[in-house]
Structures are given as structure tokens and as C-alpha cells.
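Subject: Handing over the structure

Hi there,

Here is the structure I promised to pass on to you. Have a look at it first, and then read on for what turned up.

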Amino acid sequence: MPYFYFDRTYFLVLIGAVICMIASAMVKSTFKRYSRCNSLSGMTGEQVAMRVLHAAGIYDVTVRHVPGNLTDHYNPANKTVNLSDVVCFGKSVASAGVAAHECGHAIQHAHGYVPLKLRTAFLPVAQFGSAFAWPVILVGFFINSRSSAVIINIGILMFSFAVIFQLLTLPVEFNASRRAMELLRSQGILGDQELGYTGKVLRAAALTYVASAAAAILQLLRVIILFGGRSSDD
């Protein structure tokens, strides 16, 4: 079967992988560069997070340290801002930016930010689609019946759920960074020049989400090219 050997559509996957690698390298190098630039306030990422949360009127979110490198995240299930080693204890403009960004998600959660609610609600659907899309497509591909096209199209639809989730992630991440920059400025945590450095870190981080969305779209396009035509011919 030609579908199991190298074909031109693999270039779509390759392009997506290259985009993601470039974006990942950019965020790592940008963070590393500005992690050497300590803020004039001398605040650690943990202190920045607490300051930002309290400034936003949020007192029921816990800031805690988690091991790893750039493993920072906000967990809405237990209302925790989780900061990695270099962010939690670091005093750089990069650490301040990442800490404030994760607090931005906590603020979104507290205020019922609609894109965040949509992304959270869609997560189980995206996980289900990612897990079962290929098995469904392959079942439709191998069976020789009139329902083959319908099964393949269902698989392609399930595959698209992951793409939708990636697209829903973009406004959530951009908004969290915007909130972070505003609070870092309004609370006097960073000066104008420092904010410029922090903005570069957050923009580089945002590119990773754009890259992931682009890669997901390219993978979906490949699936449609490989199987969409077959399903319409059956």
C-alpha cells in the first residue's frame, strides 16, 4: 500500500517539526539570555507571583515550586501556580515575566475568561480525538464496505479536535501575557527597559504555541490529503 511508504505529504510533518524545533530553541535561548539580567526590584519569581495575585485581588491561589526546567504552569483544578526552579527562585526579568504569565492564567480563571473556559471544556474532547482518530481512520481504510468513507471522515473529524484545541489555546496564552505585562508595570515590579526584555521572553514563549498550532494544522492537512480523497471516491 503506498500509504505506508514515504510520500510527499511527509514534508508537511517535517515542516511542522522544524517550526516547533525553531520555536523551542528561540524560547530557550531568549529565556537564557534574559535570565542573566536581574531585575532592579530583586524579587524572586515566587515573590512576583504573590504580588501579582494579591494585586488582582486573588488570595485563594497557592504559589509553589515544582522541579524541572521551564515546567511552569497554572493548575485550575487545585488553584496552584507552579513555578520551576529557575523561575521560582530566580530574580531575573525572565523569571518575573514567566511567573506573572502563569498568574495571568489564575486571573483568567478567577474572572471566568471565556476562551479559557472553552479550552478547558474542550480538553477531554481533544484528548479523545487524539487517542482514537488514527485507529478509526485505519479501520475505515481497511474495511471494504459502503461505510468506509463515513468511518474515515469520522476519524478525520476526530483528528481535527486536536487542531481546534491548539487554536483555542492561542488567545488564552496571548491574554495571559498581556495581563502579566500590565500588572508588572502597574505594580512597579519592572521598569520600562526591563519590561521590554520581559516582553521578548513572553513573545518567544507565545511563538511555541503558534508553532504547535501550525504543526497540528499541517498534520491535519496531510491526513485529509491521504484519506480525504479516498473517502470521497468510495
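A word before the details: this is a predicted model. Let me begin on the outside, with a nonpolar patch to which α1 (10-34) and α7 (192-233) each supply at least two residues. The largest share, eight residues, comes from α1. The patch covers about 930 Å² of surface, and F11, L14, I15, V18, I19, M21, I22, M26, F174, L207 and V210 make it up. If you would like one residue to start from, try M21, which is found in helix α1. M21 has a relative accessible area of 56%, so it is exposed.

**The cores**

Going inside, you will find that the largest nonpolar core has 33 residues. V48, V52, L53, V81 and L83 are the ones with the most contacts inside this core. Many elements feed into it: α1, α2 (45-55), β3 (80-83), α3 (85-89), α4 (93-111), α6 (148-186) and α7 each supply at least two residues. The largest share of this core, nine residues, comes from α4. V48 is a good place to zoom in: leaving aside residues up to four places away in sequence, V48 touches M43, A96, A100, L184 and I189.

Another core, of 17 residues, lies apart from that one, and F122, A126, A133 and F141 are among its members. A133 sits in helix α5, and its relative accessibility is 0%, so A133 counts as buried. Not counting residues up to four places away in sequence, the contacts of A133 are G155, M158 and F159. If you want to compare distance along the chain with distance in space, A133 and L221 are 88 residues apart in sequence, with 14 Å between their C-alpha atoms.

**Salt bridges**

How many salt bridges does the structure hold? There are three, and here is each in turn.

- K79 pairs with D60, with 2.8 Å between the closest N and O atoms. This pair links distant parts of the chain, 19 residues apart: K79 is in the loop between β2 (73-75) and β3, and D60 is in the loop between α2 and β1 (62-65). K79 counts as partly exposed at 32% relative accessibility, and D60 counts as partly exposed at 45%.
- E173 and R119 meet through their side chains at 3.5 Å, N to O. Because E173 lies in helix α6 and R119 in helix α5 (residues 114-142), the pair ties together parts that are 54 residues apart in sequence. Both partners are buried: E173 has 5% relative accessibility, and R119 has a relative accessible area of 17%.
- E182 and R178 form a salt bridge at 2.8 Å, N to O. They are four residues apart in helix α6, so about one helical turn separates them. E182 counts as partly exposed at 40% relative accessibility, and so does R178 at 41%.

**Cysteines**

You may wonder about disulfides. A disulfide is a covalent bond between the sulfur atoms of two cysteines. The count here comes to zero. Take C88 as an example: the closest cysteine sulfur belongs to C103 and is 11 Å from the sulfur of C88, which is too far for a bond. C88 is buried, with a relative accessible area of 2%. C20, by contrast, counts as partly exposed, at 26% relative accessibility.

**Two backbone angles to look at**

Most residues other than glycine have a negative phi. Two residues here have a positive one. L70, which is not a glycine, has a phi near 55°. L70 is placed in the loop between β1 and β2, and at 31% relative accessibility it counts as partly exposed. The other is K79, with a positive phi of about 55° although it is not a glycine either. You have met K79 already, as the salt-bridge partner of D60, in the loop between β2 and β3.

Happy exploring, and do write back with any questions.

Best wishes

How values were computed:
Residues are numbered from 1 along each chain as its sequence is written. This is a predicted model: local features need pLDDT of at least 70, side-chain atom pairs count only at pLDDT 80 or more; totals for chains, interfaces and linings use all residues. Side-chain values use heavy atoms; hydrogens and water are left out. Patches are made of residues with over 30% relative accessible area and no salt bridge: like charges are joined within 9 Å, nonpolar side chains (Val, Leu, Ile, Met, Phe, Trp, Tyr) within 5 Å. Accessible areas come from the Shrake-Rupley method with a 1.4 Å probe; for residues, only the protein chains shown count as cover. A salt bridge is a side-chain nitrogen of Lys or Arg within 4 Å of a carboxyl oxygen of Asp or Glu. Buried means under 20% relative accessible area, exposed over 50%, partly exposed in between (1.4 Å probe, protein chains only). A disulfide is a pair of cysteine sulfur atoms within 2.5 Å. A nonpolar core is a set of buried Ala, Val, Leu, Ile, Met, Phe, Trp, Tyr and Cys residues joined through side-chain atoms within 4.5 Å. Contact means heavy atoms within 4.5 Å.
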